[in-house]
Amino acid sequence: MKPVVMTCGEPAGIGPEIAAQAWAALGRDIPLVWLGDPRHLPEGTPHEIITDAAQAGAVSKRALPVLAHPFAGNAVAGEPDPANAVGVIDVIARATDLVQSGEASAICTAPIHKKALKDGADFAYPGHTEYLAALAGQEDVVMMLASQQLRVVPATIHIALAEVPTALTPALLRRTIEITHHGLQQQFGIVSPRIAISGLNPHAGEGGAMGHEELNWINGLIDDMRSEGFTLAGPLPADTMFHAAARAKYDAAIAMYHDQALIPIKTLDFDKGVNVTLGLPFIRTSPDHGTAFDIAGKGIANPSSMIEAIRMAHRMATTSS
Ligand SMILES: NC(=O)C1=CN([C@@H]2O[C@H](COP(=O)(O)OP(=O)(O)OC[C@H]3O[C@@H](n4cnc5c(N)ncnc54)[C@H](O)[C@@H]3O)[C@@H](O)[C@H]2O)C=CC1
Ligand SMILES: NCC(=O)COP(=O)(O)O
């Protein structure tokens with residue numbers, strides 16, 4: 001079985017410690033390999049340096065297999081070193097090579113610190129999602145956050161709120177619906193996906209009393225796509241579409257911007273939410289949380305979201321192979 005490759009993420013954050021804990025929980029059952037600088041692992045992490053991902057399966061049963069990627073500097077918890085930014089970015093690219101060449105079954109990325117990468121290496125992407133899309137030569141991907149209780153997709157991702165109404169176009173929303181529909185079928189095994197779509201404005205515009213995007217084009221797009229065979233509800237007021245009875249009516253929700261989508265899932269299931277990129281030619285998951293500098297290196301980070309992310313990646317890889 002090909003391993004799931006875990007990227008190190010920002011080494012000053014909790015990435016290395018949650019990877020070590022995830023290996024301790026799963027490494028005997030799911031072959032794992034960690035890509036990063038072994039100096040950044042918590043002291044005492046049982047690990048073995050390997051030189052080929054094919055060695056991971058056997059090693060993962062007794063130690064964390066490590067494909068070593070030397071960084072410029074050591075890591076100080078909570079204090080990102082600009083000199084390490086290039087290493088963080090290169091590890092993501094190397095993991096992508098491993099999965100695209102078929103040496104790994106999937107990627108599970110540990111959190112990066114976006115500002116540290118911009119400051120340290122002029123990183124041009126707002127996150128993994130966009131960087132992986134560029135590496136894969138894939139123009140359109142979507143970010144889904146998924147847990148037992150909710151799957152949710154922000155149609156626009158890491159942009160300023162002021163830019164949302166302009167960035168949110170009929171073409172973008174159509175592609176987001178199509179990729180989400182396809183991803184639910186291919187990666188979640190849902191034959192006839194039901195998708196709920198939020199409005200952009202409060203109360204989904206309330207008939208034009210609180211904004212016009214719904215009347216101007218969102219209603220029409222949803223009607224058109226319904227007539228093409230998609231099972232869609234909406235545009236729904238975002239404030240009332242995430243309670244339990246509402247969630248039972250759909251397989252995934254599409255929201256119009258980052259916080260509209262991520263607040264409900266992180267409130268419902270911060271510990272077990274998984275970030276999965278749909279539309280890539282390979283499988284990529286990630287925990288839903290960030291680098292957590294405030295607790296890094298203290299040994300108190302909860303590895304549950306990382307564990308769920310690895311489980312999901314492995315499940316997807318196993319069912320799609
Ligand atoms: N996939 C990725 O690479 C992601 C990266 N980020 C980045 O992380 C950085 C920090 O973001 P924040 O907004 O501060 O969010 P954060 O998720 O790093 O931290 C928010 C709060 O949750 C706590 N927390 C997070 N993960 C935890 C865990 N596993 N166990 C226990 N407590 C945990 C932290 O201690 C903090 O109090 C930013 O640069 C952000 O862009 C954020 C989300 C995902
Ligand atoms: N807020 C979610 C997040 O920052 C994850 O972004 P990405 O690095 O997975 O693109």
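This passage describes the surroundings of two ligands and the packing of two helices in a predicted model.

The shell around ligand 1 is a good place to start. It is made up of 18 residues, and among these Pro 111, His 289, Gly 290, Ala 292 and Asn 302 come nearest to the ligand. Sorted by class, the shell around ligand 1 has nine polar, six nonpolar and three charged residues.

Ligand 2 has its own set of neighbours: Gly 127, His 128, Thr 129, Met 143, Leu 262, Asn 275 and Ser 286. Five residues of this shell are polar and two are nonpolar, while no charged residue is present. Both domain 1 (1-138 + 280-321) and domain 2 (140-279) contribute residues to the shell, so ligand 2 lies between the two domains.

Turning to the helices, H3 spans residues 85-100 and H4 spans residues 114-121. The two pack at an angle of about 110°, and their axes are 8 Å apart. Angles of 65 to 115 degrees count as roughly perpendicular, and H3 and H4 are therefore roughly perpendicular to each other. Their crossing is left-handed. On the H3 side, the contact is formed by Ala 85, Val 86, Val 88 and Ile 89, which meet Ala 116, Leu 117, Gly 120 and Ala 121 of H4. By class, this contact between H3 and H4 has seven nonpolar residues and one polar residue, with no charged residues.

Definitions and conventions. Residues are numbered from 1 along each chain as its sequence is written. Chains are lettered from A and ligands numbered from 1 in the order in which they are written. This is a predicted model: local features need pLDDT of at least 70, side-chain atom pairs count only at pLDDT 80 or more; totals for chains, interfaces and linings use all residues. A residue is near a molecule or strand if its C-beta atom, placed from the backbone, lies within 6 Å of it. Ala, Val, Leu, Ile, Met, Phe, Trp, Tyr, Cys and Pro count as nonpolar, Asp, Glu, Lys and Arg as charged, and the others, Gly among them, as polar. Domain bounds come from an automatic or database domain assignment. Axes are lines fitted to C-alpha atoms, for helices over the stretch in contact, and angles run from 0 to 180 degrees between N-to-C directions. Helices (H or I, at least four residues) and strands (E, at least two) are DSSP runs, numbered from the N terminus. Angles under 35 degrees count as roughly parallel, over 145 as roughly antiparallel, 65 to 115 as roughly perpendicular and the rest as oblique. A crossing is left-handed if the near helix is turned anticlockwise from the far one by less than a right angle, and right-handed if clockwise. Two residues are in contact if their C-beta atoms, placed from the backbone, lie within 7 Å.
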